[in-house]
Amino acid sequence: MTSTPENNASGSDAVGSNGPEKTIIIGSGPAGWSAAIYAARANLDPVLYEGTVKAEMIPLGQLAYTTEVENFAGFPAGNIRAFVESAVDKDRHWNLPMVPQGHTKDDQPHYAVQGTELMELMKQQALNFGTRVIGDDIERVDFSGPVHTLYPASGEPVQARTVIVATGARANYLGLPSEEAYKNKGVSACAVCDGALPVFRSKPLAVVGGGDSAVEEATYLANLKGADKIYLIVRRDEMRASKVMQDRAINHPNIVMVWNTVVDEVQGDGKIVTGLRVKSTVDGSIRQLDVGGMFVAIGHTPNTTFLDGALDMNDSGYIRWTKSFRTNTSATGVFAAGDVADDYYRQAITSAGTGCMAALDAERYLAEQEAPTDAASAT
């Protein structure tokens, strides 16, 4: 990411210049920005490392890859661009996506907020409350002591009394060049996020995968109003999904099972997906599926490599919360928010919610640390 004045602290505001920071947040998706907003309003003077552009993770998180977000509460369709341009600093307008074409009402743009717009609004809100934003990656951590040490890719190590990890998880894709060419043009990894968008409505669609998540995605699409045929493409002759989920897919009137099949090529007209070329895993034969979109449901990978085992994780590599309804991790004073710890919901609004929780948990942890002990208060 190109450095800008807003993401380079200097002088008395330099990270760690006055001792350990109260709170450092790693990650810049909905969880990270929500944590920053709450931490800043609690006078924790947070520092947020938003990362740099990499294949597995980019500043502003996975939503920066998406188009319209219809299900984030408080953002009904409207003249979103006018609001965004009035709220976001002009020096970041270059990062705003194009206004969707054909979305007008009363001769004004009328569409649901786009992912990058929503993230820029969250970032602006965090900046407004004094969050210091650093355009760098944290490459490794040391959570062994009461004060935590983080090692940025550039510059000296920094210390913090609390850390909020909000680095998210990335969707796994098939790895086809044609798939990459049609991401956000009919290829998606989240039916709940995108399935109801106009581009997919009342069209035959395909879901790729054989686990519970794939069945959930296919069922969601098949139950939408006006849904057309939903092809569930499974590479074997059986699914990994639980028995009840398998029955749900096989018996759904709108779902067509496509067994022993893999996607060979995503096809389109340059603007949108128009079909799939699929190949049999049994005899290698090729056939055509005419669909208006493809949803890939083959899992997610949490962005936790930089932690190198510093926190306990579950079998899928997601950070484990150690207290019910809290964001505490296995390291004291370290909290996790968003998809890096959530392998179930994976929605922008749930990520934002846990970002809020993590900031409140950090605030209360610091308050407990600063509270006088009974012995000290008695003297």
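Which residue in β17 is the bridge partner of S188? I began my notebook with that small puzzle, and I should say at once that I am working from a predicted model. The partner turned out to be F295.

**Entry 1: around S188.** I looked up the strands on either side of that bridge. β10 and β17 (residues 294–296) run parallel and are joined by 2 bridges. I then followed the pairing outward and found an open sheet of 5 strands, ordered β10-β17-β11-β12-β13, with parallel pairing. Its edge strands are β10 (187–188) and β13 (255–258), each of which pairs on one side only. A reminder to myself: strands of a sheet pair through backbone hydrogen bonds, either parallel or antiparallel.

**Entry 2: β8 and its partners.** Next I turned to β8, which covers residues 158–165. Is this strand mostly covered or mostly open? I noted it as mostly covered, with 6 of its 8 residues buried.

I went through its pairings one by one:

- With β1 (residues 21–26), β8 pairs in the parallel sense over 5 bridges. Here I25 stands opposite I164 of β8.
- With β19 (residues 334–336), β8 runs parallel too, joined by 3 bridges. On this side I164 stands opposite F335.
- With β7 (residues 148–152), β8 pairs in the antiparallel sense over 3 bridges. T149 has Q159 of β8 as its bridge partner.

I liked seeing I164 turn up twice, opposite I25 and opposite F335 in β19.

**Entry 3: the turn between β7 and β8.** I checked how these two strands connect. They form a hairpin with 5 residues between the strands, and G155 takes a positive phi near 90° there.

**Entry 4: the whole protein.** I stepped back and counted 9 helices and 19 strands. How does the radius of gyration agree with that of a compact globule? A compact globule of 379 residues would have a value near 21 Å, and the protein has 23 Å, which agrees. The C-alpha atoms fill a box of roughly 80 × 50 × 35 Å along the principal axes.

I also looked up burial, and 49% of the 379 residues count as buried. The exposed area comes to about 18,200 Å², of which carbon and sulfur atoms supply 49%. For contacts between residues at least 6 apart in sequence, I noted that 65% join residues at least 24 apart.

**Entry 5: charges.** My last look-up was the charged side chains. I found 32 positive and 46 negative ones, and the centres of the two sets lie 4 Å apart.

How values were computed. Residues numbered from 1 in each chain as written. Predicted model: local features only at pLDDT ≥ 70, side-chain atom pairs only at ≥ 80, totals over all residues. Heavy atoms only, no water. Pairing = 2+ DSSP bridges. Helix = DSSP H or I, 4+ residues; strand = E, 2+ residues; numbered from the N terminus. Rg over C-alpha atoms; globule rule 2.2 N^0.38 Å. Buried < 20%, exposed > 50% of the residue type's maximum accessible area, 1.4 Å probe, protein only. Contact = heavy atoms within 4.5 Å. Areas by Shrake-Rupley, 256 points an atom, 1.4 Å probe, with all protein chains shown as cover. Lys, Arg positive; Asp, Glu negative; His and termini not counted. Charge placed at Lys NZ, Arg CZ, Asp CG, Glu CD.
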